[in-house]
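Here's a quick briefing on the fold in front of you, with the backbone oddities up front and the sheet and helices after that. Have the viewer open as you read.

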Amino acid sequence: MRPQSLPLTEVHRGVWLLDVDQFGVPGQGGVYILSGEPAALVEAGTSLARERVLAALGDLRITRDEVAWIFLTHIHLDHAGGAGGLLQELPAAKVVVHARGARHLMDPSRLVASVRDAVRERFPLYGTMEPIPADHLHVACDGEAFPVGGFKIRALDAPGHAPHHLCWFAEGERLLFTGDAVGLYLGGVLLPSTVPPSFDLDLSLSTLDRLMGLHPETLLFTHFGPGSPTLLSRYAELLRAWVERVDRLRRTCRSEDELVTAVLGAAAREGLVPPGLACGDLAMSVRGAAAYLARREGAT
Ligand SMILES: [Zn+2]
């Protein structure tokens, strides 16, 4: 049954990880496919992933009208950008999203503009975004459960990375789809994901506490693949250290670009991140942490 043509891996019985070659690089971004009746996706990838997702469904012998749900962890384009385009090919599917994200999916113009600001020269790699009609959206409540094949998938409010972030939990199997709430896990290295415009440290830490309380057996990262639940507490430590470092260095830096260089240099020297890895994402995470610190200062 394992397809040869696509980078599809069965990470748990009935749960497949499709590598969508995000930003043209393997092992950076994925879409999970839950087989069964009905079937579902967790994440949609960018719009550039559409043909690959449809091909993977075909290889898994999941017909297009069997997909009932596209569960989004949040509305950033690398997770939700492809949802509108996929809906045009999946006639029975609804997109499930946090209440705070729904209106941006119906009218993505502000969302797309904010991503363009955040990712700058990398914007073309994020594809486009089709608006999603209201009758194809389902706004998930915290704790709401969805039957999918043999699974029961529960929505969990998980703010911090963004206020519109949900994690998805397959209760019986204790599989936790983490989105970006537990950062990035690339090639066995845990990295911060504290991007603009709305990363919040305190919310992130309380979300991590909540996720630890679920006692998951396996974390399923969108970026990228399965990881041990011990990464939850490691990420809490990493986040604190990361934001402290940004806070310390921003006092001596005269511009944001200088701050990015200083933080990435210090982090590499101290072994927090391996040199040369995912630098675009990390630069964004420096900016997001700095924006959070500026907001926190403004509020006191
Ligand atoms: Zn992401």
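Helices (H or I, at least four residues) and strands (E, at least two) here are DSSP runs, numbered from the N terminus. With that labelling, Phe 23 sits in the loop between β2 and β3. One caveat before going on: this is a predicted model.

**Positive phi in the β2-β3 loop**

- Phe 23 isn't a glycine, yet its phi is positive, near 60°.
- Buried or exposed, or something in between, for Phe 23? There are 18 other C-beta atoms within 10 Å, so Phe 23 is partly exposed; the buried label would take 20 or more.
- Asp 21 belongs to the loop between β2 (15-19) and β3 too, and this non-glycine residue also has a positive phi, near 55°.
- Asp 21 counts as partly exposed because it has 17 C-beta neighbours inside 10 Å.

**Cis peptide bonds**

- Glu 37 and Pro 38 are joined by a cis peptide bond, with omega about -5°.
- You'll find Pro 38 in the loop that links β3 (30-34) and β4 (39-42).
- Going from Pro 196 to Pro 197, the peptide bond is cis as well, and omega is near 0°.
- Pro 197 is part of the loop between β13 (189-191) and α6 (201-213).

**The six-stranded sheet**

- In what order do the six strands of the open sheet come? Read across, they go β8-β9-β10-β11-β14-β15, and the pairing is mixed.
- β8 (145-148) and β15 (225-227) are the edge strands, each pairing on one side only.
- From one strand to the next, the twist averages 25°.
- At the β8 edge, four bridges connect β8 with β9 (residues 151-157), and the two run antiparallel.
- Within that pairing, Phe 146 stands opposite Ile 153 of β9.
- The β8-β9 hairpin has two residues between its strands, and Gly 149 there takes a positive phi near 50°.
- Elsewhere in the sheet, β11 (residues 175-179) and β14 (residues 218-221) pair in the parallel sense, again with four bridges.
- If you want a register check for that pair, Leu 176 has Leu 219 in β14 as its bridge partner.

**Helix α5, one side at a time**

- Which residues of α5 (residues 109-119) are buried? They are Leu 111, Val 115 and Val 119.
- These buried residues span an arc of only 50° around the axis, so they lie on the same side of α5.
- Turned away from that buried side is a face with the exposed residues Ser 109, Arg 110, Ala 113 and Asp 117.
- Right after α5 ends, Arg 120 adopts a positive phi of about 55°.

**How α7 and α8 pack**

- Helix α7 (residues 231-250) packs with helix α8 (residues 256-269) at an angle of about 130°, and the axes are 10 Å apart.
- That angle makes α7 oblique to α8; a roughly antiparallel pair would need an angle over 145 degrees.
- As for handedness, α7 passes α8 in a right-handed crossing.
- On the α7 side, the residues involved are Arg 245, Val 246, Leu 249 and Arg 250.
- On the α8 side, they meet Leu 259, Ala 262, Val 263, Ala 266 and Ala 267.

Technical notes:
Residues are numbered from 1 along each chain as its sequence is written. This is a predicted model: local features need pLDDT of at least 70, side-chain atom pairs count only at pLDDT 80 or more; totals for chains, interfaces and linings use all residues. A residue is buried if 20 or more other C-beta atoms lie within 10 Å of its own, exposed if 12 or fewer, and partly exposed in between; C-beta atoms are placed from the backbone. The arc is that of the directions from the helix axis to the C-beta atoms. Two strands pair if DSSP finds at least two bridges between them. Axes are lines fitted to C-alpha atoms, for helices over the stretch in contact, and angles run from 0 to 180 degrees between N-to-C directions. Angles under 35 degrees count as roughly parallel, over 145 as roughly antiparallel, 65 to 115 as roughly perpendicular and the rest as oblique. A crossing is left-handed if the near helix is turned anticlockwise from the far one by less than a right angle, and right-handed if clockwise. Two residues are in contact if their C-beta atoms, placed from the backbone, lie within 7 Å.
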